[in-house]
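Here is a short tour of one protein chain. Look over the sequence and the structure first, then read on.

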Amino acid sequence: MITVIAYPLRNEVISEANRREHWARKYQRVKAHRFTAKTFSKIAFQKANWHWDGETNLAISMTRVIKKRGKLMDDDNLTSSLKATRDGISDALDTADNNPHIKWVCYQRRGDLSVVKSYVDVVITEGRDGEE
């Protein structure tokens, strides 16, 4: 059986790899992104009446959606910019982000945004990549 849970996170995703800023500012942003990802993930799990058993294989894709004229990141910057989101989803699943049953994938695309510069679409697929 394949279960799909999809939900948006309204975190602005910025490149962390080349950013030069005070450590406290970065700490606050990363903490807020992780908390938001954890909270919204838990809400999405409750709404779907879904609980992960810790053994079923999961494919989790995180898609950075940016304005039509926004700048696309290269793959290493994209991965590092979504690290706090990945950690927050792992917290919601009550597991480490290096769990061998979870396959993490990062994407990005342009969308029609008017209010925010970017956000993250999360899709969790249970039972893919090694059916139960």
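Which residues does T85 touch, not counting residues up to four places away in sequence? They are L9, N11, A37, M62 and V120. Keep in mind that this is a predicted model.

## T85 and helix 3

T85 sits in helix 3. Its relative accessible area is 1%. The cut-off for buried is under 20%, so T85 is buried.

The helix around T85 is mostly covered. Of the 11 residues in helix 3, eight are buried. They are A84, T85, D87, G88, I89, S90, A92 and L93. Just after helix 3 comes D94, which takes a positive phi of about 60°.

## M62 in strand 2

One contact of T85 leads to M62. M62 belongs to strand 2. Is M62 buried or exposed? M62 has 1% relative accessibility, so it counts as buried.

M62 has a list of contacts of its own, again leaving out residues up to four places away in sequence. Among them are L82, T85, R86 and I89. W104, V105, C106 and Y107 are also touched by M62. V120 and D121 complete the list.

What separates M62 from D75? The two lie 13 residues apart along the chain, and their C-alpha atoms are separated by 13 Å.

## T63, the next residue

T63 is found in strand 2 as well, which covers residues 58–66. The relative accessible area of T63 is 14%, and T63 is therefore buried.

Which residues is T63 in contact with, once neighbours within four places in sequence are left aside? The contacts are Y107, Q108, R109, Y119, V120 and D121. Y107, V120 and D121 also appear among the contacts of M62.

## An aromatic pair

How many aromatic pairs does the count come to? The count is one aromatic pair. It joins F45 and W50, whose ring centres are 4.9 Å apart. Their planes meet at 65°, so the pair is edge-to-face. The cut-off for that label is over 60 degrees.

Both partners are covered. F45 is buried, because its relative accessible area is 7%. W50 has a relative accessible area of 11%, so W50 is buried.

## The largest pocket

The largest pocket holds about 200 Å³ of space. Its lining includes the two aromatic partners, F45 and W50. K42, Q46, N49, H51 and W52 line it too. A92, L93 and D94 also belong to the lining.

Which elements give two or more residues to this lining? They are helix 1 (23–47) and helix 3 (83–93). Helix 1 gives the largest share, three residues. From helix 3, the lining residues A92 and L93 are buried. D94, also in the lining, is the residue with the positive phi just after helix 3.

What is the make-up of the lining by class? Five residues are nonpolar, three are polar and two are charged.

## R19 in a loop

One more residue rounds off the tour. R19 lies in the loop between strand 1 (3–9) and helix 1. R19 has a relative accessible area of 38%, so it is partly exposed. Leaving aside neighbours within four places in sequence, R19 is in contact with I14 and R29.

How values were computed:
Residues numbered from 1 in each chain as written. Predicted model: local features only at pLDDT ≥ 70, side-chain atom pairs only at ≥ 80, totals over all residues. Heavy atoms only, no water. Helix = DSSP H or I, 4+ residues; strand = E, 2+ residues; numbered from the N terminus. Buried < 20%, exposed > 50% of the residue type's maximum accessible area, 1.4 Å probe, protein only. Contact = heavy atoms within 4.5 Å. Phe/Tyr/Trp six-rings, centres within 6.5 Å; stacked < 30°, edge-to-face > 60°. 1 Å grid on protein atoms, 1.4 Å probe; cavity = no way out; pocket = protein on both sides within 12 Å on 5 of 7 lines; lining within 4 Å. Points joined across faces, edges and corners; volume = space filled by probe spheres on them. Nonpolar A, V, L, I, M, F, W, Y, C, P; charged D, E, K, R; others polar.
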